[in-house]
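Visitor: I would like to go through this structure step by step, with each answer argued from what can be seen in it. Could we begin with the model in view?

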Amino acid sequence: MAQEIDRFLKEQFCNGLKVGESGSKIPLHTHFEEISKLLEQIFQSSWLADADRDSPNREKVREKLYYLNNVLTECQMLSWRDQLTLCKIRRKLNEITVELRDWVPNGVTTAQLNGQVSPSDERQVTQWSTRVVDASKVHGFDNEVTLLEKLVLRQGSNDQFKAIGIVGKAGVGKTTLCQVIFNKPEVQKYFLPRIWVCMSRKPNEDNDTRVAIVKRMLDCLGVDEDIIKKVHGDHSLKGLLYALHQQLYRKRYLIVLDDARNNDAEETQAFYGKLDSLLSRDGKWDCLAYGLPKGCGGAVIVTSRNEELAKDMVGEENLLRLLPRSDSESFWKIFKDAVEKGTDEDSTRLQFKPSNVEDLKKQILQKCDGFPITAKMLGEIMHVKQLQDQAAPNVTQ
């Protein structure tokens, strides 16, 4: 009976959303659409176990479904002019979306499971594809994690803006280190909101990378796509920066700008420089720093292969340099985890207990040349080879 009620509530919500699509889009349509897809995945997964009784998981989902049905009906009667009400609803929908994402296995969207990627799915990948990591599978960064956590949660500086740069060669572990910090319970409790912004260029975005990045930041903060387009259309980049400032004003935020890249355009380089700059009196909204309010304990972490770029953004005194590693035990653990688990797309788990462990440790350390990502790739290759070896006897038979 409990299962039937939950499915009825879910179908009622999804059908109500489809009704809204028949004419003009209802306010916050993009948010509702994403939640609808997440619900489909949750109902298809094993997360809702104990189908015949009221499990704690099922009670959580039902509570969300009751609220979603009510607020969807309310939004169908609202217009875009009701900004105060919509703002409150948007915040709640963002909270629900984050919670539902944690309940979805591996964060894979329904469309991706079917081999399709819709525009809204592309937005989802952009926002969340690099922020999650299994900290138990991260090895060799204990000292760096401790240091970075102290810098981010610096005592005696609750109101001070913090800008930190992590620099190093590709594959040395910059993103992984940030992922561990970003998802630490202490950091989650201290900062709100927290957003992860990949700085690499994405297809089908604005040619102006400055516009693309600020739009992406607003998107991560839950601002509706239609509103972002309207602000940009009416007020260009300055309007987007002002909107970003308003979204973060009086909030203790954490923003990770992952994989910042150099751009030859002098105007673009100036735009990203000196993130700790205060808003100028002349009212010019011409650099990213002006979109980042100061005085409430906000923090930004920048990762980059380009030390000069990161130095210009955060200052040399705030740089954390990651060098190639030399700890054979850490590389062995990374390799072994990858052999047993494989890639994120491969759910097959293996038991890997070689007899020549010490020899393998030396070989892996030598082949990796100090880069953890190489150990992971070698492990994934070995995972595939192990599966092939297991399948070979069946083929010959």
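Visitor: How many bridges join β1 to β4, and how do the two strands run?

Guide: This is a predicted model, and in it V167 stands opposite S304 in β4. That pair belongs to the pairing of β1 with β4, which run parallel, and the number of bridges joining them is 6.

Visitor: What is the order of the strands in the open sheet?

Guide: One can build the order from the pairings, starting with strand β2 (residues 194-198), which 5 bridges join in parallel to β3, with W196 opposite V256 in β3. Another 5 bridges join β3 to strand β4 (residues 299-304), again in parallel, and β4 is in turn joined to β1. With β2 and β5 (319-321) as the edge strands, each pairing on one side only, the order of the 5 strands is β2-β3-β4-β1-β5.

Visitor: By how many degrees are neighbouring strands of this sheet turned against each other on average, and which helix packs on the sheet?

Guide: With direction ignored, the average turn between neighbouring strands of this sheet is 15°. The helix that packs on the sheet touches β1, β4 and β5, and its direction makes about 160° with that of β1; this is helix α7 (residues 142-152).

Visitor: Which residues of β3 stand opposite V300 and V302 in β4?

Guide: Both strands are mostly covered, since 7 of the 7 residues of strand β3 (residues 254-260) are buried and 6 of the 6 residues of β4 are buried as well. Where the two strands pair, the residue opposite V300 in β4 is I255, and the residue opposite V302 in β4 is L257.

Visitor: Which residues of β4 point the other way from A299, I301 and T303?

Guide: In a regular strand the side chains alternate between the two faces of the sheet. In β4, A299, I301 and T303 point one way, and all of the residues on both sides are buried; those pointing the other way are V300, V302 and S304.

Visitor: Is T303 buried or exposed?

Guide: T303 has its place in strand β4, and, leaving aside its neighbours within four places in sequence, T303 is in contact with I166, K174, C178, L257, D258, D259 and A260. Its relative accessibility is 1%, and because a residue under 20% is classed in this way, T303 counts as buried.

Visitor: Is M77 buried or exposed?

Guide: M77 lies in helix α3 (residues 56-77), and its C-alpha atom is separated by 8.5 Å from that of I26, 51 residues apart along the chain. The relative accessibility of M77 is 68%, and because the class in question begins over 50%, M77 counts as exposed.

Visitor: Which element gives the most residues to the largest nonpolar core?

Guide: This core has 41 residues, of which M217, I255, L257, L288 and L292 touch the most other members. The elements that give two or more residues to the core are β1 (162-167), β2, α10 (209-220), α11 (225-248), β3, α12 (266-272), β4 and α13 (307-314). With 7 residues, the element that gives the most is α11.

Visitor: How many residues make up the second, separate core?

Guide: The second core is separate and includes F182, W196, L254 and I301. Two of these residues have already come up in the sheet, W196 as the residue opposite V256 and I301 as one of the buried residues of β4. The number of residues in this second core is 25.

Visitor: Are α10 and α11 oblique or roughly parallel to each other?

Guide: Two packed helices are described by the angle between their axes and the distance between the axes. Here the residues R210, V211, V214, K215, M217, L218 and D219 in α10 meet I228, H232, L237, L240, L241, A243, L244 and Q247 in α11, and α10 passes α11 in a left-handed crossing. The two axes come within 10 Å and cross at roughly 60°. Because angles under 35 degrees count as roughly parallel and 65 to 115 as roughly perpendicular, α10 is, with respect to α11, oblique.

Visitor: What percentage of the residues of the protein count as buried?

Guide: The secondary structure of the protein comes to 16 helices and 5 strands. Among contacts with a separation of 6 or more, 74% are accounted for by residues 24 or more positions apart. Of the 397 residues of the protein, the share that counts as buried is 46%.

Terms used. Residues numbered from 1 in each chain as written. Predicted model: local features only at pLDDT ≥ 70, side-chain atom pairs only at ≥ 80, totals over all residues. Heavy atoms only, no water. Buried < 20%, exposed > 50% of the residue type's maximum accessible area, 1.4 Å probe, protein only. Helix = DSSP H or I, 4+ residues; strand = E, 2+ residues; numbered from the N terminus. Pairing = 2+ DSSP bridges. Core = buried A, V, L, I, M, F, W, Y, C linked by side-chain atoms within 4.5 Å. Axes fitted to C-alpha atoms, helices over the stretch in contact; angles between N-to-C directions. Contact = heavy atoms within 4.5 Å. Parallel < 35°, antiparallel > 145°, perpendicular 65-115°, else oblique. Left-handed = near helix turned anticlockwise from the far one by under 90°.
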